[in-house]
Amino acid sequence: MTTNKQQLIVFSDFDGTITVQDSNDYLTDNHGFGYDKRMVLHKQILNGTLSFRDGFKQMLDSSKLTYEECLDVLKKNIAIDPHFSEFYKWCLDNGIRLVILSSGMEPFIRALFAVYLGEDEAKKIEIVSNGIDVKPDGKWSIVYHDNSHFGHDKSLTIRPYAELSEDERPLMVYCGDGTSDLSAAKETQLLFAKKGRDLITYCKRENVPYVEFETFADIHDCVKQILADPSKLKTLAEH
């Protein structure tokens with residue numbers, strides 16, 4: 001792991017953060033047991049009475065679409081933040097590492113990136129997420145990244161960098177919106193939380209500092225400030 005204190009890493013959730021709507025919620029609401037039951041589980045997850053791992057699997061398993069049908073549905077119905085593509089290209093041009101930390105499934109994520117960024121970029125973008133087990137008949141199930149109650153504990157990717165010495169530790173920000181981001185909310189020097197979403201509810205309850213954003217244009221502006229003047233990271237975090 002080669003880092004220095006000037007390196008800047010942007011960790012970001014995918015569904016509901018980079019995408020306008022959550023692709024897994026869309027599948028559950030429209031091709032699974034529906035919005036009302038999903039919200040019952042959602043509240044239990046947010047209150048800590050149901051693990052994200054168990055609740056999420058129930059939601060996904062309620063959809064009876066095949067793997068290929070899911071890909072088709074998501075490509076046609078899930079949009080990516082219109083400002084993300086510009087931010088992604090700017091990160092590449094300025095040597096900023098962008099890491100997608102998702103509780104979704106990698107094949108679905110790359111398929112959506114291919115639509116908006118192109119096939120070549122979709123293959124290159126760094127993603128840490130859950131996987132998919134696809135059966136010969138097209139039926140599929142989630143393969144969790146780890147054994148945590150999240151299924152994918154995003155803090156496990158961030159923490160090795162946070163534990164480096166001050167001289168080696170990179171500057172880090174995290175962008176998220178919901179319950180899948182709770183494990184990562186306290187791990188970076190700056191947290192971007194999407195306006196009106198559950199991550200803000202959690203941050204207010206737990207007194208976790210955050211910067212509210214609506215689109216990646218807001219994040220882009222802040223990250224530009226940090227790149228120009230790293231001391232801005234602390235200022236923004238205390239705002």
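Which residues is Phe108 in contact with, leaving aside its neighbours within four places in sequence? I looked this up first in what is a predicted model, and I noted that Phe108 is in contact with Tyr67, Cys70, Leu71, Leu74, Ile132 and Trp140.

**Entry on the core.** I then looked up the largest nonpolar core, which has 78 residues, and found Phe108 listed among those with the most contacts inside it, together with Phe11, Phe84, Phe87, Phe113, Phe192 and Val223. I also wrote down that helix H6, residues 106–117, gives the largest share of this core, namely seven residues. As a general point I kept in mind that nonpolar side chains tend to be buried together in soluble globular proteins.

**Entry on strand S6.** I turned next to strand S6, and I recorded that five of the five residues in 190–194 are buried, so the strand is largely enclosed by the rest of the structure. I checked which way the residues point, and I saw that Leu190, Phe192 and Lys194 point one way while Leu191 and Ala193 point the other way, all of them buried. This alternation is what I would look for, because side chains in a regular strand alternate between the two faces of the sheet.

I looked up the partners of S6 as well: strand S5 (residues 171–176) is joined to S6 by four bridges and runs parallel to it, and Cys175 stands opposite Phe192. Strand S7 (residues 211–213) is joined to S6 by three bridges, again in parallel, with Lys194 standing opposite Phe213. I followed the chain from S6 through helix H9 (residues 198–206) to S7, and I noted that this β-α-β crossover is right-handed.

**Entry on helix H10.** How far apart are the end C-alpha atoms of helix H10? I found them 18 Å apart, which agrees with the 18 Å that the 13 residues of H10 (residues 216–228) should span at 1.5 Å a residue. I listed the buried residues of H10 as Phe216, Ile219, His220, Cys222, Val223 and Ile226, and I found that what covers them includes strand S1, helix H5, S5, S6, S7 and helix H11.

**Entry on His152.** Is His152 buried or exposed? I located His152 in the loop between strand S4 (140–143) and helix H8 (155–162), and I recorded that His152 counts as buried because its relative accessibility is 0%, where the cut-off for buried is under 20%. Not counting residues up to four places away in sequence, His152 touches Leu101, Ser102, Ser103, Val128, Ser129, Asn130, His145, Asp146, Thr157 and Ser183.

Terms used. Residues numbered from 1 in each chain as written. Predicted model: local features only at pLDDT ≥ 70, side-chain atom pairs only at ≥ 80, totals over all residues. Heavy atoms only, no water. Buried < 20%, exposed > 50% of the residue type's maximum accessible area, 1.4 Å probe, protein only. Helix = DSSP H or I, 4+ residues; strand = E, 2+ residues; numbered from the N terminus. Pairing = 2+ DSSP bridges. Right-handed = clockwise from strand over helix to strand, strands pointing away. Core = buried A, V, L, I, M, F, W, Y, C linked by side-chain atoms within 4.5 Å. Contact = heavy atoms within 4.5 Å. Expected span 1.5 Å × (residues − 1).
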